Amino acid sequence: INAEYGEMDRISVLQSSDLVPGDVILIPRDGLLLSCDAVLVSGSAIVNECALTGESIPVSKAPVPYISKFIYESGDLEEVSVSEDLVYNPEKDKKYSLLSGTTVLQSKPTSGTNAVAIVMRTGFTTFKGSLIRSILCPKPTKFEFQADAQRFIMMLSFFAVLGFTYTVYISLKLGGSIGKTVRLGLDLITVVVPPALPAALTIGVVYAVQRLKKSRIYCIDPQRVNFCGRIQYICLTNRYSD
C-alpha cells in the first residue's frame, strides 16, 4: 500500500514487488507480512520477528521520535536541519525498524494518525536478504587443516625436486641413458609425492556430503565438512535484538 504522507485519502494498492525505497506505506490494523525493510514514522506496531531472530515473544515497535517531530511540526522535510545524532541508523534504531520477513500482528494509531512507515530497503538489500546472501554465497574461509596440507605437500615437492636433481646428476655422471634417467627421476617424484593424495582427500569429503544428504542435511560448502568433523557439542539459543 502506497500513499502520500499527510493525504491519507490518496491511497493506492500496489504489489509488494513494486515498492521502492522512499515509498510511504500504511500498516493495516490487523497486521501484514512485511516484504521490505521500513522505518515506522507514526503509530505503533507489535511485530513477530521469530523468523529472523528466533525470538518467540512479539516485539513492540515505536515511531521514530525525531522523524515524527519534523513531519508534523514543519511539514517540509527539506526545511529541517537534522543533527547527526538524529539521523536514522538501521543498526542502532532497531526498535523503530520493521524488517522484511517479519509479521506485523497488530498496529495502533497514535493521536488519530494511522501507523505509517517509510520503505528503506527492498530485495536482497534488506536484513533478510543479507542473511540469504550470506547462506548462498558464503565468504571463503581458510581452515588450518588446508593450510597444513598445502605446507606438507610443498615440503614433499621440495624433497622430490631435490631427489630428482640428484638422481639425474648421478645417472648422467655414471653414463646412463637419458630415457632411463628421466624414468628414474619421475619414479622418485611419484614415490615422494603420492598422486592419489589430493584425490583421496576429495573422495573423503564427497562421501561425507553424500552421507549427510541421505539424512536430509544439505551442504553448500564442502570445505567445512572437515571442520564439522571436530564438533562435539552444539548449543542452540534464541537471540534477542532491541
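Colleague: Which residue of strand 10 stands opposite Cys36?

Modeller: The model is a predicted one. Strand 5 covers residues 36–42 and strand 10 covers residues 116–122, and the two pair in the antiparallel sense over 6 bridges. Within strand 10, the residue that stands opposite Cys36 is Thr122.

Colleague: Which strands stand at the edges of the open sheet of 4 strands, and why is one side of each left without a neighbour?

Modeller: The open sheet has the order 3-10-5-8, with antiparallel pairing. Each edge strand has a single partner strand, so one side of it is left without a neighbour in the sheet. The edge strands are strand 3 (24–26) and strand 8 (97–98).

Colleague: How many bridges join strand 6 to strand 9?

Modeller: Strand 6 is formed by residues 44–48, and strand 9 by residues 103–108. One position of this pairing places Ala45 opposite Ser107 in strand 9. The pairing is antiparallel, and its number of bridges is 5.

Colleague: What is the bridge partner of Leu32 in strand 9?

Modeller: Strand 4, residues 32–33, runs antiparallel to strand 9, and 2 bridges join them. Two strands count as paired if at least two bridges are found between them. The partner of Leu32 in strand 9 is Val104.

Colleague: Of contacts between residues at least 6 apart in sequence, what percentage join residues at least 24 apart?

Modeller: The protein chain contains 7 helices and 10 strands. Of its 242 residues, 26% count as buried. For contacts between residues at least 6 apart in sequence, the share that joins residues at least 24 apart is 71%.

Notes
Residues are numbered from 1 along each chain as its sequence is written. This is a predicted model: local features need pLDDT of at least 70, side-chain atom pairs count only at pLDDT 80 or more; totals for chains, interfaces and linings use all residues. Side-chain values use heavy atoms; hydrogens and water are left out. Buried means under 20% relative accessible area, exposed over 50%, partly exposed in between (1.4 Å probe, protein chains only). Contact means heavy atoms within 4.5 Å.
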